[in-house]
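The following paragraphs offer a guided reading of a protein structure, moving through its aromatic rings, its charged side chains and its surface. The reader is invited to keep the sequence and the structure in view.

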Amino acid sequence: MVNFPNTKQWWEWDEWQLRILVLGSLLLQFILLVFYMIRSRFISPLIRACMWLAYLGSHAMAIFTLAVLFIRQNMTATVEVSSIVEVMWAPVLLIHLGGQNPLTAYSFEDIELWRHHTATMVTQVAVALYVFCRSLPSGDKRLLLAAILLFIPGIFRIIQKLWALKSASISSLMGSSAMTSSLVTAKLGRGGLTALLIEEEHNLSLDVYVQEARNLVMGTVVDDEPHSHQFATPEIEKLFVDHPIPYSYRLSRLRGFLKGPVIGSYYSELLAVVTLGFRMLYSNINSLHGFLMQLSLPFLMLPSLVLFITTSHNYQKDGYEVKDVKVTIVLLCCTTLLEFLCLFCSCCHVGIATGRTAAGQQNLISFYARKRQPTKLMKLSAAMGCQGYIDKHWYMERASEHVCIGILDLVIKHAKDGWTIYIVDGASYHRFNNLRGQWTMRKNNLCDRLLQWSLLEPFDQSVLVWHVATELCLHHPVNSPDIEVPESTASRRRCSRVISNYMMYLLFIRPDMLMPGTRQDLFTNACKDIELMSKHHVNEPQSIDERSVIEQVLLMALSALPGADGIGTIIPTACRLAEDLMELLGDEKRWEVIQGVWVEMLCCSAGSCRGYLHAKSMGEDVEFLTVVWLLLSSMGMETFPDKFGRLHPAEQVVTGTSLSQPQEIPSPREITII
């Protein structure tokens with residue numbers, strides 16, 4: 001029979017307790033460094049969950065070990081113990097609390113909780129200093145000097161992390177008008193900051209901006225201004241906090257964009273901007289003083305390490321435990337090695353430079369087919385009550401980088417066509433940035449063919465209707481999978497389906513990024529509608545795949561009435577839209593229209609998403625919508641603060657004139673009181 005009091009006493013007083021704790025804290029720091037180096041790559045949800053647990057566990061382990069040190073010091077005040085534990089291990093734990101890698105935050109919530117982290121870490125520093133003062137070796141000045149030298153990098157590491165968290169918070173970003181002077185100089189060159197301030201003071205009106213931007217894109221004016229390539233904007237923090245950018249600066253960025261590389265090479269330029277934003281928000285080397293502190297910390301640990309190792313042979317003679325001496329040497333050597341590895345990662349931007357972007361894929365038809373034939377993992381997750389998380393993250397696919405680059409080319413073409421064809425004044429500029437497919441309908445003369453009704457619903461509902469209609473057109477029984485199609489049509493199918501599935505991913509997993517006020521339950525409700533419609537099907541198919549589900553939905557849509565048996569309007573409406581597309585258009589023209597509608601919806605969603613949400617999503621993956629958002633901003637299009645910060649069109653008319661035009665303020669004598 002187990003003696004629980006003796007077991008508890010063993011855990012509280014056994015000499016290996018603290019050794020295991022400090023070595024475990026060191027191991028977690030190495031694991032975090034490995035995770036940090038692979039963070040920019042696409043990793044599985046399981047590894048990402050382990051990364052999150054390691055991030056939380058590293059702080060918990062260091063705090064718990066400091067608490068054990070504090071308790072042991074109070075409870076063993078009259079007992080002879082190896083004071084080297086209390087003296088040398090406390091500052092090392094402070095370094096672990098400050099984080100061994102350049103990554104200061106795992107998610108944006110950690111940044112916003114910087115005050116909470118400040119209170120916690122100040123408490124831990126006080127505990128470590130208390131343990132140090134209670135364990136001062138009276139006769140060993142070498143050990144005392146080594147411990148004091150070790151406290152310096154520990155406290156510096158804490159200060160560095162807290163300062164980085166505070167600098168990346170929304171309140172700090174909103175208070176700053178530009179990035180660090182070093183980064184501004186690197187992007188704008190000599191005199192660039194002065195030119196930027198002059199541009200803000202002499203801002204352009206909307207109509208003047210539209211005309212000059214049109215002339216630049218159309219090439220009707222010769223641009224002889226000595227502007228450098230300004231594609232990677234140094235004012236990215238203004239976008240993240242939804243500050244409106246002056247029209248003069250937008251024109252300058254558009255000029256730099258047009259002078260940039262050829263189409264297809266913008267992808268790497270956009271990722272460079274994302275890397276700059278990631279360093280600013282989630283890294284402790286986002287400024288010159290942060291990098292200098294990162295550079296000095298490894299060398300601050302070397303004197304303490306050298307002093308302790310050169311005198312370690314004398315500690316056994318002085319009565320110290322040999323095992324504690326060996327553990328301390330391992331702890332100091334490995335922690336110093338970690339500091340140099342982190343310095344190498346910071347200098348080479350390992351783990352910070354984002355090589356790719358994530359374009360998650362979620363498909364309603366595939367989701368329903370998988371639900372009808374659940375896997376063992378789905379059954380296990382349902383029994384454990386975490387089926388919702390598994391459905392959202394485990395079976396999510398990603399689009400290839402090649403297709404993403406092709407979609408960016410379509411966005412660039414759409415924006416350039418808008419500048420040259422659609423946009424002629426301020427009002428048309430506002431309308432263009434709110435298009436959801438209307439321009440594609442107008443260009444293909446479909447407004448009078450009753451297809452534009454599908455775009456009059458709320459945006460989230462229209463996205464879902466067009467997603468189902470795209471799948472119905474792709475797997476329609478008329479389209480045999482054995483028939484070869486031209487490469488242009490196949491490319492439009494591929495791009496349309498990738499954008500459609502990505503918009504479903506946003507609707508199901510990141511609804512706040514799709515559009516403000518998006519209803520996440522539309523996805524699950526549509527899945528339930530398909531299930532309700534399938535109950536009327538007499539002959540149940542033997543195998544449930546996408547094509548069989550499509551045939552079943554098309555068959556039941558002819559007899560199912562919206563509202564009957566609890567069936568909603570989304571699936572029947574999508575079936576009606578698909579049938580109209582199949583009847584009115586040929587195969588090539590149909591996919592040209594579908595692709596055009598999806599490109600407009602993608603641009604509308606990117607321009608309507610808050611910069612805060614883009615910054616928040618970068619903590620996990622670089623969303624493809626963020627890249628599109630930066631691309632549209634670089635091409636002079638509207639973003640969230642421009643769309644939702646301006647006056648309503650009905651409020652922009654004063655006595656028959658637009659507020660975009662300069663208005664003369666009447667004198668008091670000219671005002672007639674009615």
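Phe 432 has a relative accessible area of 5% and is therefore buried, since buried means under 20%. The model in which this residue is seen is a predicted one. Trp 439 is likewise classed as buried, at 6% relative accessibility. The rings of Phe 432 and Trp 439 have centres 5.7 Å apart and planes at 75°, so they form an edge-to-face pair. Trp 439 also has a charged neighbour: the charged end of Lys 443 sits over its ring, 4.3 Å from the ring centre. A second arrangement of this kind involves Arg 576, whose charged end sits over the ring of Trp 453 at 3.9 Å from its centre.

A pair of aromatic rings is described by the distance of the centres and the angle of the planes. Over the whole structure, a search finds 17 aromatic pairs. In one of them, the ring centres of Phe 108 and Tyr 612 are 5.2 Å apart and the planes stand at 80°, so this pair is edge-to-face. Which parts of the chain does the pair of Phe 108 and Tyr 612 tie together? Phe 108 belongs to helix 5 (residues 108-112) and Tyr 612 to helix 30 (residues 611-617), so the contact joins parts that are 504 residues apart in sequence. With a relative accessible area of 0%, Phe 108 is buried, whereas Tyr 612 is partly exposed at 22%. Ring pairs also build a cluster, whose members are Tyr 209, Tyr 247, Trp 419 and Tyr 429.

The charged side chains come next. Side chains of opposite charge can pair when their charged atoms come close. The count of salt bridges in the model comes to twelve. Among them is the bridge between Arg 250 and Asp 642, in which the closest N and O atoms are 2.4 Å apart. Arg 250 lies in helix 13 (residues 247-258) and Asp 642 in helix 32 (residues 640-645), so this bridge ties together parts that are 392 residues apart in sequence. Are its two partners buried or exposed? Arg 250 is buried, with a relative accessible area of 4%, and Asp 642 also counts as buried, at 10%.

Other salt bridges share a residue. Asp 587 forms a salt bridge with Arg 493, with the closest N and O atoms 3.3 Å apart. Because Asp 587 lies in helix 29 (residues 587-608) and Arg 493 in helix 24 (residues 487-508), the pair connects parts that are 94 residues apart in sequence. Asp 587 forms a salt bridge with Arg 590 as well, and here the closest N and O atoms are 2.9 Å apart. Arg 590 and Asp 587 are three residues apart in helix 29, which means that about one helical turn separates them. Arg 493, Asp 587 and Arg 590 are thus linked in a network of salt bridges. Within this network, Asp 587 is partly exposed at 24%, while Arg 493 counts as buried at 17% and Arg 590 as buried at 5%.

The last stop is at the surface. Trp 52, Leu 53 and Leu 56 make a nonpolar surface patch of about 310 Å². Trp 52 is found in helix 3 (residues 45-75), and its relative accessible area of 43% makes it partly exposed.

Terms used. Residues numbered from 1 in each chain as written. Predicted model: local features only at pLDDT ≥ 70, side-chain atom pairs only at ≥ 80, totals over all residues. Heavy atoms only, no water. Patch = residues over 30% accessible without salt bridge, like charges linked within 9 Å, V, L, I, M, F, W, Y side chains within 5 Å. Areas by Shrake-Rupley, 256 points an atom, 1.4 Å probe, with all protein chains shown as cover. Salt bridge = Lys/Arg side-chain N within 4 Å of Asp/Glu carboxyl O. Helix = DSSP H or I, 4+ residues; strand = E, 2+ residues; numbered from the N terminus. Buried < 20%, exposed > 50% of the residue type's maximum accessible area, 1.4 Å probe, protein only. Phe/Tyr/Trp six-rings, centres within 6.5 Å; stacked < 30°, edge-to-face > 60°. Lys NZ or Arg CZ within 6 Å of the ring centre and 35° of its normal.
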